[in-house]
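Welcome, and please take a moment to look over the model below. A short tour follows, with a question to start it off.

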Amino acid sequence: MSTSQQPDPQDRPARLTVGVVGAGRVGPTLAASLQLAGHRPVAVSGVSDASRRRAAELLPDVPLVPPAEVLQRADLVLLTVPDDALPGLVEGLADTGAVRPGQLLVHTSGRYGVRVLDPALRAGALPLALHPAMTFTGTPVDVQRLAGCSFGVTAPDELRLAAEALVIEMGGEPEWIAEPMRPLYHAALALGANHLVTLVAQSMELLRAAGVEAPDRMLGPLLGAALDNALRSGDAALTGPVARGDAGTVAAHVAELRTHAPQTVAGYLAMARATADRALAHGLLKPELAEDLLGVLADGAGGTGGTGGTGGAEGDVR
């Protein structure tokens, strides 16, 4: 991180007492990171045994207390609960008088901006939305992963510098997201990260079914290269039978999946159609080959995909 990204010292938040409401995978990690920056975690709330174990591992000696007591003890409160639970939690805390004027109230939901914190704002809280664009394990390794992690930041203009400073103190990179764009921003991340896990897990299952003993070892270099190429080149990195227009190979894929893993057919067809559309739009898929390919995908969706030929270069995973 370059020094040009560091906030001016006068914009840095003072050393704060930190509380966490919702000891899932995210909250204790962010509190531990803030502790490394000089802030002081003072209270955590968690209900399940797993959340209590995470809190004990990442924030040892920090007491577990009810949510209202977390707000009583902390200057900065991290609300790290599931998206659907966040509006009710904020309303409940505000209605019971737990929110204190001047208290920094930070949620980590990607979906919401700061408007979800309006009940707390009316009670005098200072609202911030700081969403780490990272997947979490709930273990200490997550603190290290925050280094260089982008955060989707939404805050009132007067709190923007403070919000960005907190992110930088956690080792992250602030990325400003306008309030109306939060759902689109979050959808983009879910499409890329959450669905990637599903695709990789399905790919490993299919490789095991094909007799591969170490599918993770086989996929690691391939997927790493594909991700790097995609980040560098976007659609220009598209390869494989769909981008080449190898309709016979795609038909063979659909037939094999329908036989050995029918639960994967719908996802394969949906991704193949999306890939074909993008390959056509960027001139990678020749229009004269697209008709047969799209026909195979339509037939596959109807459950009539044949075995077809192998097409293209057999075994070519590009």
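Is the crossing of H12 and H13 left-handed or right-handed? The crossing of these two helices is left-handed. Keep in mind, as you turn the view, that this is a predicted model.

**Overall picture**

Let us step back to the whole chain. DSSP-based assignment gives the protein chain 13 helices and seven strands. Its C-alpha trace spans about 70 × 40 × 35 Å along the principal axes. Of its 318 residues, 40% count as buried. Among contacts with a separation of 6 or more, 63% join residues 24 or more positions apart.

**Confidence**

The average pLDDT of the protein chain is 90, and 91% of the residues score at least 70. Two stretches deserve a careful eye. Over residues 1–10 the pLDDT stays under 50, and the model has eleven contacts beyond four places in sequence for them. Residues 304–318 also have pLDDT under 50 throughout, with 28 contacts beyond four places in sequence.

**Two helix pairs around H13**

Two packed helices are described by the angle between their axes and the distance between the axes. Here are those values for the two pairs that involve H13.

| Helix pair | Angle | Axis distance |
|---|---|---|
| H12 (residues 265–281) and H13 (residues 287–301) | about 165° | 10 Å |
| H11 (residues 247–260) and H13 | about 15° | 8 Å |

Take H12 and H13, which pack at an angle of about 165°. Why are they called roughly antiparallel? Angles over 145 degrees count as such, so H12 is roughly antiparallel to H13. On the H12 side, the contact is made by Leu-269, Ala-272, Arg-273, Ala-276 and Leu-280. They meet Pro-287, Ala-290, Leu-293, Leu-294, Leu-297, Gly-300 and Ala-301 in H13. By class, the residues of this contact are ten nonpolar, one polar and one charged.

Now turn to H11 and H13, with an angle of about 15° between them. Angles under 35 degrees count as roughly parallel, and therefore H11 and H13 are roughly parallel to each other. Their crossing is right-handed. From H11, the residues Ala-247, Val-250, Ala-251, Val-254 and Arg-258 take part. Their partners in H13 are Asp-292, Leu-293, Val-296, Leu-297 and Gly-300. The contact of H11 with H13 has seven nonpolar, one polar and two charged residues.

If you would like something to look for in the viewer, try Leu-293 in H13: this residue is listed in the contact with H12 and in the contact with H11. Leu-297 and Gly-300 in H13 likewise appear in the contact with H12 and in that with H11.

Technical notes. Residues numbered from 1 in each chain as written. Predicted model: local features only at pLDDT ≥ 70, side-chain atom pairs only at ≥ 80, totals over all residues. Heavy atoms only, no water. pLDDT = per-residue confidence, 0-100. Contact = heavy atoms within 4.5 Å. Axes fitted to C-alpha atoms, helices over the stretch in contact; angles between N-to-C directions. Helix = DSSP H or I, 4+ residues; strand = E, 2+ residues; numbered from the N terminus. Parallel < 35°, antiparallel > 145°, perpendicular 65-115°, else oblique. Left-handed = near helix turned anticlockwise from the far one by under 90°. Nonpolar A, V, L, I, M, F, W, Y, C, P; charged D, E, K, R; others polar. Buried < 20%, exposed > 50% of the residue type's maximum accessible area, 1.4 Å probe, protein only.
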